[in-house]
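Some questions on a fold and its ligand site follow. Each answer closes on what was asked.

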Amino acid sequence: MEKIIIKGEKRLKGEVEISGSKNAALPILTASILTQGWNTFSNVPALRDIETIKKLLKGIGIKIEEGESVKINADGLNNYEASYDLVKTMRASVLVLGPLLARLKRARVSLPGGCAIGARPINLHLNGLAKMGAKIELKHGYVEAKAKKLKGAPIFFEIPTVTGTENLMMAATLAEGVTTLENAAREPEVIELASVLKKMGANIKGEGTEIITIEGVKELKSTDHTIIPDRIEAGTFMTAAGITGGNIKIKNCNINLLDSVTRKLEEAGMEISYKDNGIIAKGNRPIRSVDIKTLPYPGFPTDMQAQMMAFMCFANGTSVISETIFENRFMHVSELRRIGADIRIEGHNAIVKGVPDLSGAPVMATDLRASACLILAGLAAKGKTEISRVYHIDRGYERIVEKLSKLGADIKRVAD
Ligand code: EPZ
């Protein structure tokens, strides 16, 4: 195991390059299951979750060639099972369900089980596939799905689900007839997946709105694509500028994908501008307290909630942070309290009372975005903060220690 050690109170300055989006790359790599021939994907981030999905794809007979870009060929697809040992480490593995059913008419995927932030059921994925004619059974912790031929169907999501929308959109591309996904997720990563599927020959309309229509086609061909930058990584670095009172240029990221985050950071007193495809984020003092409510896109992203909480620990005044997406995404609160934060939880709300400063101490990462939160807090806290269980951070942030030290942070990674 390793830990990250940070000596706080350094203002971050300079430029940072954002890596490819984890939550765009994961469904796009699984979409290759639907195609014949070689797909070439560039700007795929080097992350643990990406390694996991590659292992899973290789395990079902897919050829992957690594290099500058990732080349994937599904012609040798010969297995429809995604095993528990892989799925339990990353619930996004459930994204192979729809493509496998569409391509092999069968799929056996381990139920992902919960994770630190919540139970994270997949009932909406399964109900949708059943509506498309799949026979779904749950046996020994696995989803066993069969479908002679998936048929297009009208599907309504009780709640907008990102990977649910992606799973069913992929399944629908090779189904017979038209599928409509109502109350669909509108995240940029859903739009990105749709654009790749259309390059492969799929017939999709309405992506980015709450109704997506997919007309099935006979087959999909391989394509090339460059993964978009990770908007959550970009938002995390913007918050790093705010929390340290620094000035960071975040290169190659489309600010329009971060409207709700930018607005909140500006409300907190930051100056944010955008020029030649770069976001300039400047932190100011005093930090103003702001209320946050996480919502499906285009609302404030739940994946930025923990990072914003770290920032609000230093604000003048009290912020109310309400987490409406996941039932247990406040694991970082007890760790923030260890370094002096004044936060109390009331149901889905965290009441964050700003304090003049935090004092560094050993803390423990519990999940991906909680790790980012603790790193941000450590950057601004007095003294030394040691963060253990940093394997969580490797799931979603590529080379974060190098990127932060290049911006002037006193941060290092050591064996724990
Ligand atoms: C995606 O997870 C992201 N992961 C998450 O990012 C992100 O936090 C989440 O969307 C919300 O934006 C990937 O894209 C790989 P949901 P997903 O289905 O699709 C409930 C990160 O940090 N639900 O949109 O699993 C669910 O419990 C990760 O990068 C059902 O009840 O999230 C949650 O309360 C963490 N039944 C809500 O819907 C279902 O069948 C939204 O979940 C599916 C979801």
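Q: Into which domains is the chain divided?
A: This is a predicted model, where local features need pLDDT of at least 70, side-chain atom pairs count only at pLDDT 80 or more, and totals for chains, interfaces and linings use all residues. Residues are numbered from 1 along each chain as its sequence is written, and side-chain values use heavy atoms, with hydrogens and water left out. Domain bounds come from an automatic or database domain assignment. The division gives domain 1 (2-19 + 229-415) and domain 2 (22-226).

Q: How many residues of domain 1 are in contact with domain 2, and with how many of its residues?
A: The C-alpha centres of the two domains lie 30 Å apart. Contact means heavy atoms within 4.5 Å. On that basis, the counts for domain 1 and domain 2 are 24 and 20 residues.

Q: What area do domain 1 and domain 2 bury between them?
A: Buried area is the accessible area (1.4 Å probe) that two parts lose on being put together, summed over both. Carbon and sulfur atoms hold 53% of it here. The total is about 1,800 Å².

Q: Why does the ligand lie between the domains?
A: Its shell holds 23 residues (a heavy atom within 4 Å). Both domains give residues to that shell, so the ligand lies between domain 1 and domain 2.

Q: Which helices each supply at least two residues of the shell around the ligand?
A: Helices are DSSP runs of H or I with at least four residues, strands are runs of E with at least two, and both are numbered from the N terminus. The helices asked for are H1 (22-31), H5 (123-131), H6 (162-172) and H12 (368-380).

Q: What is the distance from a polar side-chain atom of Arg91 to an oxygen atom of the ligand?
A: A polar contact is a pair of N or O atoms within 3.5 Å. Side-chain N or O atoms of Arg120 and Arg369 lie 3.0 Å and 2.9 Å from a ligand oxygen. For Arg91 the distance is 2.7 Å.

Q: Which loop holds Pro286?
A: Most peptide bonds are trans. The bond from Arg285 to Pro286 is cis, with omega near 0°. Pro286 sits in the loop between strand S19 (278-282) and strand S20 (292-293).

Q: What is the phi of Glu9?
A: Most residues other than glycine have a negative phi. Glu9 lies in the loop between strand S1 (2-7) and strand S2 (13-17). Glu9 is not a glycine, yet its phi is positive, about 70°.

Definitions and conventions
Polar contact = N/O pair within 3.5 Å; in protein donor to acceptor, adjacent residues only side chain to side chain.
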